[in-house]
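Subject: Structure handover

Hello,

Here is the structure I promised to pass on. Please open it alongside this note.

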Amino acid sequence: MSATKKIKTALVSVFHKDGLDELLAQLHANGVQFLSTGGTATFIESLGYPCQKVEEVTTYPSILGGRVKTLHPKVFGGILGRRELEGDREQMAQYEIPEIDLVIVDLYPFEQTVASGASKADIIEKIDIGGISLIRAGAKNFNDVVIVPSKAEYGMLLDIINKKGAETDLAERKVFAEHAFGVSSHYDTAIHEWFAK
């Protein structure tokens, strides 16, 4: 089926690491390369898997107290590049943008931070920017990319990998995208409600 895509490179950047090890093990066993940030990169390497750091791709460190890590054309170009368009492929080659086939990301715990009675400054810092942007980019380009927007979807991807390896079809990628927009919608609604109070 022409809509089947192989996962070769995964961008993994998560706040919560629980449950991630089993998924990483299966991806690694299927030859998937990892690209990651900060603590997630350290976690992946602690499991014994090679991992390229996002900073090596972008040539920028994490800046502004961690507010800007993944927001870069080499990351978002790798997710949003349309593989079937010659112009996109040429620009990706010209600017050395790697194809990113899978995005595993979650969001800062905004609702939990509000519920904990944290300060206004702490709550503001838990408004995710990079993560929500990665989720939207991966979901928008579901034609080429698998987006895993929370640990709730780890099992879905594991089932696919266990059945047929690191390959997905268009219908499967569309379901992940639907989940992703559900996650982003819920998150933005919670932020909006906090601001409106």
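Start with the strands. β2 pairs with strand β3 (residues 33–36) in the parallel sense, over four bridges. Within that pairing, Val12 stands opposite Ser36 in β3. Please keep in mind that this is a predicted model.

Now look at β2 by itself. Five of its five residues are buried. Thr9, Leu11 and Ser13 point one way from the strand. Ala10 and Val12 point the other way. Side chains in a regular strand alternate between the two faces of the sheet.

β2 also helps to cover a helix. The buried residues of α4 are covered by elements that include β2 (9–13), α3 (54–58), α5 (86–94), β5 (102–105) and α8 (130–140). Helix α4 itself spans residues 73–80 and is mostly covered, with six of its eight residues buried. Those buried residues are Lys74, Val75, Phe76, Gly77, Gly78 and Ile79.

Next, the core. The largest nonpolar core has 52 residues. Which of them have the most contacts inside it? They are Phe34, Ile79, Leu102, Ile104 and Leu157. Helix α10 (residues 170–196) gives the most to this core, with seven residues.

Ile104 deserves a look on screen. Leaving aside neighbours within four places in sequence, Ile104 is in contact with Leu11, Val12, Ser13 and Val14. Its other contacts on that basis are Leu20, Leu23, Leu27, Val148 and Tyr154.

Then there are the pockets. The largest has a volume of about 530 Å³. It is lined by 27 residues, and the closest to its centre are Gly66, Arg67, Lys69, Tyr108 and Asp128. α2 (38–46), α7 (120–125) and α8 each supply at least two residues of this lining. By type, the lining of the largest pocket divides into 10 nonpolar, 10 polar and seven charged residues.

The second largest pocket has a volume of about 300 Å³. Of its 14 lining residues, Asp106, Leu107, Gln112, Ser150 and Val183 lie nearest the centre. α6 (110–115) and α10 are the elements that give two or more residues to this lining. The lining of the second largest pocket divides into seven nonpolar, four polar and three charged residues. So α10 turns up twice: in the largest nonpolar core and in the lining of the second largest pocket.

Best wishes

Key. Residues are numbered from 1 along each chain as its sequence is written. This is a predicted model: local features need pLDDT of at least 70, side-chain atom pairs count only at pLDDT 80 or more; totals for chains, interfaces and linings use all residues. Side-chain values use heavy atoms; hydrogens and water are left out. Buried means under 20% relative accessible area, exposed over 50%, partly exposed in between (1.4 Å probe, protein chains only). Contact means heavy atoms within 4.5 Å. A nonpolar core is a set of buried Ala, Val, Leu, Ile, Met, Phe, Trp, Tyr and Cys residues joined through side-chain atoms within 4.5 Å. On a 1 Å grid over the protein atoms alone, a cavity is a set of points where a 1.4 Å probe fits but cannot get out, and a pocket is an open set with protein on both sides within 12 Å along at least five of seven lines; lining residues have an atom within 4 Å of a point. Grid points are joined across faces, edges and corners, and a volume is the space filled by probe spheres set on the points. Ala, Val, Leu, Ile, Met, Phe, Trp, Tyr, Cys and Pro count as nonpolar, Asp, Glu, Lys and Arg as charged, and the others, Gly among them, as polar. Two strands pair if DSSP finds at least two bridges between them.
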